[in-house]
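Work through the exercises below with the model open. Try each task before reading its solution.

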Amino acid sequence: MADISNAELEVLGVLWQKNPISANDIIEQLNQEREWHEKTVKTLLNRLVKKGAIGFEKEQRRYLYFPLIEQAKYQEQASESLIQRLFSGRVSPLVAGFAKHNQLQKEDIDSLKQLIQDWEKDHD
């Protein structure tokens, strides 16, 4: 999968929430958080199309955009890439870093425990 910038990811995030959607509707959604220029968003849409992350269909005089990659699949691949690049493929240093700086909440710990239990059942 091609590298997707943070700005492109914000645009893609809008498409994961609602699609197909026009460029103007994407701009309107993005502008709820901070101001985006129309030209910037259209450039990002073109880049995402070229990267194969989104597609479009023409409806009368406008284009409607939709994601070609699933959010969960992208998150999985991006997570694996991050862990590989920063932690040599090991997850424990990442989790330990969060724990060390008290950034894990009880819900996180409960989820991690459940994941470990499920993994142990599947790999015994």
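**Exercise 1. Register of the sheet**

Task: Find which residue of strand 3 stands opposite Glu57.

Solution. Glu57 faces Leu64 in strand 3. Strands here are DSSP runs of E with at least two residues, helices are runs of H or I with at least four, and both are numbered from the N terminus. The model is predicted: local features need pLDDT of at least 70, side-chain atom pairs count only at pLDDT 80 or more, and totals for chains, interfaces and linings use all residues. Residues are numbered from 1 along each chain as its sequence is written, and side-chain values use heavy atoms, with hydrogens and water left out.

Next, take the other side of strand 3. Ser22 stands opposite Leu64 as well. Ser22 belongs to strand 1. Further along, Glu59 is placed opposite Arg62 in strand 3.

Now count bridges. Strand 2 and strand 3 are antiparallel, with six bridges. Strand 1 and strand 3 are also antiparallel, over two bridges. Two strands count as paired if DSSP finds at least two bridges between them.

Then assemble the sheet. Three strands form an open sheet in the order 1-3-2, with antiparallel pairing. Strand 1 (21–22) and strand 2 (54–59) are the edge strands, each pairing on one side only.

**Exercise 2. What packs on the sheet**

Task: State which strands helix 1 touches, and at what angle to strand 3 its direction runs.

Solution. Start from the sheet, whose edge strands are strand 1 and strand 2. Helix 1 packs on this sheet and touches strand 1, strand 2 and strand 3. Its direction makes about 90° with that of strand 3. Contact means heavy atoms within 4.5 Å.

**Exercise 3. A helix pair**

Task: Describe how helix 1 and helix 2 cross, and list the residues in contact.

Solution. The axes of helix 1 and helix 2 (residues 23–30) come within 10 Å and cross at roughly 105°. Axes are lines fitted to C-alpha atoms, for helices over the stretch in contact, and angles run from 0 to 180 degrees between N-to-C directions. The two helices are therefore roughly perpendicular to each other. The classes are: under 35 degrees roughly parallel, over 145 roughly antiparallel, 65 to 115 roughly perpendicular, the rest oblique.

Helix 1 contributes Glu10, Val11, Val14, Leu15 and Gln17, and helix 2 contributes Ile26, Gln29 and Leu30. By class, this contact has five nonpolar, two polar and one charged residues. Ala, Val, Leu, Ile, Met, Phe, Trp, Tyr, Cys and Pro count as nonpolar; Asp, Glu, Lys and Arg as charged; the others, Gly among them, as polar.

**Exercise 4. Buried or exposed?**

Task: Classify Val14, Ser22 and Phe66, and list their contacts beyond four places in sequence.

Solution. Use these cut-offs: buried is under 20% relative accessible area, exposed is over 50%, and partly exposed is in between (1.4 Å probe, protein chains only).

- Val14 sits in helix 1 (residues 6–17). Its relative accessible area is 8%, so Val14 is buried. Val14 touches Ile21, Ile26, Gln29 and Leu30.
- Ser22 has 5% relative accessibility, so Ser22 is buried. Its contacts are Arg62, Tyr63, Leu64 and Tyr65.
- Phe66 lies in strand 3 (residues 62–67). At 23%, Phe66 is partly exposed. Phe66 contacts Leu15, Asn19, Pro20, Ile54, Gly55, Phe56 and Glu57.

Finish with two distances. The C-alpha atoms of Val14 and Phe66 are separated by 9.6 Å, with their positions 52 residues apart along the chain. For Phe66 and Lys18, 48 residues apart, the C-alpha separation is 8.3 Å.

**Exercise 5. Backbone exceptions**

Task: Locate the cis peptide bond, and give the phi of Gln60 and of Ser88.

Solution. Recall the rule: most residues other than glycine have a negative phi, and most peptide bonds are trans.

The cis bond joins Asn19 and Pro20, with omega about -5°. Pro20 is in the loop between helix 1 and strand 1.

Gln60 has a positive phi, near 55°. Strand 2 and strand 3 form a hairpin with two residues between them, and Gln60 is in the turn. Gln60 is exposed, at 72% relative accessible area.

Ser88 has a positive phi of about 50°. Ser88 follows helix 4 and lies in the loop between helix 4 and helix 5 (92–100). At 64%, Ser88 is exposed.
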